[in-house]
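Q: I should like a close look at one part of this model, set against the chain as a whole. Please state the conventions on which the answer depends.

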There are 2 protein chains.
Amino acid sequence: MLHIEHIGIAVKNMEVSQKLFTTLLNTSAYKDELVASEGVHTLFFRTGETKVELLAATNPESPIAKFIEKKGEGIHHIAFAVKDIRAEMQRLVAEGYVLLNTEPKKGADNKLICFLHPKNTNGVLIELCQDNPDSN
Amino acid sequence: MLHIEHIGIAVKNMEVSQKLFTTLLNTSAYKDELVASEGVHTLFFRTGETKVELLAATNPESPIAKFIEKKGEGIHHIAFAVKDIRAEMQRLVAEGYVLLNTEPKKGADNKLICFLHPKNTNGVLIELCQDNPDSN
């Protein structure tokens, strides 16, 4: 794990939350991206080396819609930057952690990503992410 | 807001969670500190410029015990490093945010801290923290 790449926050209304975090962080969002495959609209803010990612559902089947239904708005996941996502996935499986996807998948912000099952991580949804070498 | 200083994670059993995060982050905790005034045992890990802080209750009245009772284990708060905590508190109050303490208080890791009410921050408990100039 190199550092915390971003923190994902589930929000109901992107317009309201964009204003709220723009004021709070005292900086404007620098990236606005739809990830159709996950049913999410994402918005990124920079704060040092760790980004804040707001996540709003684009349809009722989106994992973000389901998360908000169960738990309300709030922190959804922490993403750690890794150099070699496959090596890190192998290391963690060998240590007994459970992966939610066995192959890295394409996430927002040109990343290859993998989630760990929160049952092994104190209820915290953890994402590994690596810069996607195919996206440049 | 300079950067994300740390992420606080509420845990039930520090011994179990210490092992879990030591393996996950592939690094050992570098600081172990009791904050008697808050009823918490804290343990810090470094991951780049953002630390991971595990928080376990030391008594049933601790805010961490109450958090776990309501929401279960998981992410408790995000702390942002600020240069001048009083100036940042003033700025945020003027913008309509609500502070949980009107004077900075002493937190773990030699910091002056202040929490924002999560009702104005999408359900995310946010801490401001500044290095405590009186603690060196």
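How many helices and strands are there in chain A? Please then look closely at the segment after strand 8 of chain A, where Asn132(A) is found.

A: The model is a predicted one, in which local features need pLDDT of at least 70 and side-chain atom pairs count only at pLDDT 80 or more, while totals for chains, interfaces and linings use all residues. Residues are numbered from 1 along each chain as its sequence is written, chains are lettered from A and ligands numbered from 1 in the order in which they are written, and side-chain values use heavy atoms, with hydrogens and water left out.

Chain A holds three helices and eight strands, these being DSSP runs numbered from the N terminus (H or I of at least four residues for a helix, E of at least two for a strand). Along the sequence, their order is β-α-β-β-β-α-β-α-β-β-β. The C-alpha trace of chain A extends over about 45 × 35 × 25 Å along its principal axes. The radius of gyration of chain A is 15 Å, which agrees with the value near 14 Å that a compact globule of 136 residues would have; that radius is taken over C-alpha atoms, and the globule rule is 2.2 Å times the number of residues to the power 0.38.

Of the 136 residues in chain A, 55% are buried; buried means under 20% relative accessible area, exposed over 50%, and partly exposed in between (1.4 Å probe, protein chains only). Contact means heavy atoms within 4.5 Å. Among contacts in chain A between residues at least 6 apart in sequence, 52% link residues at least 24 apart.

The segment in question follows strand 8 (126-131) of chain A and contains Asn132(A). With a relative accessible area of 5%, Asn132(A) is buried. Beyond its neighbours within four places in sequence, Asn132(A) makes contact with Lys106(A), Asn110(A), Lys111(A) and Leu112(A).

One of these partners, Asn110(A), belongs to the loop between strand 6 and strand 7 of chain A. Although Asn110(A) is not a glycine, its phi is positive, at about 55°. Its relative accessibility of 33% makes Asn110(A) partly exposed. Asp109(A) is placed in the loop between strand 6 (105-107) and strand 7 (111-116) of chain A. Here too the residue is other than glycine and phi is positive, with a value near 65° for Asp109(A). Asp109(A) counts as buried, at 9% relative accessibility.

Pro133(A) is likewise placed in the segment after strand 8 of chain A. Whereas Asn132(A) is buried, Pro133(A) counts as exposed, with 55% relative accessibility. From C-alpha to C-alpha, Pro133(A) lies 35 Å from Gly72(A), and the two are 61 residues apart in sequence.

In outline, the segment after strand 8 of chain A includes the buried Asn132(A) and the exposed Pro133(A). The contacts of Asn132(A) include Asn110(A), a residue of the loop between strand 6 and strand 7 of chain A.
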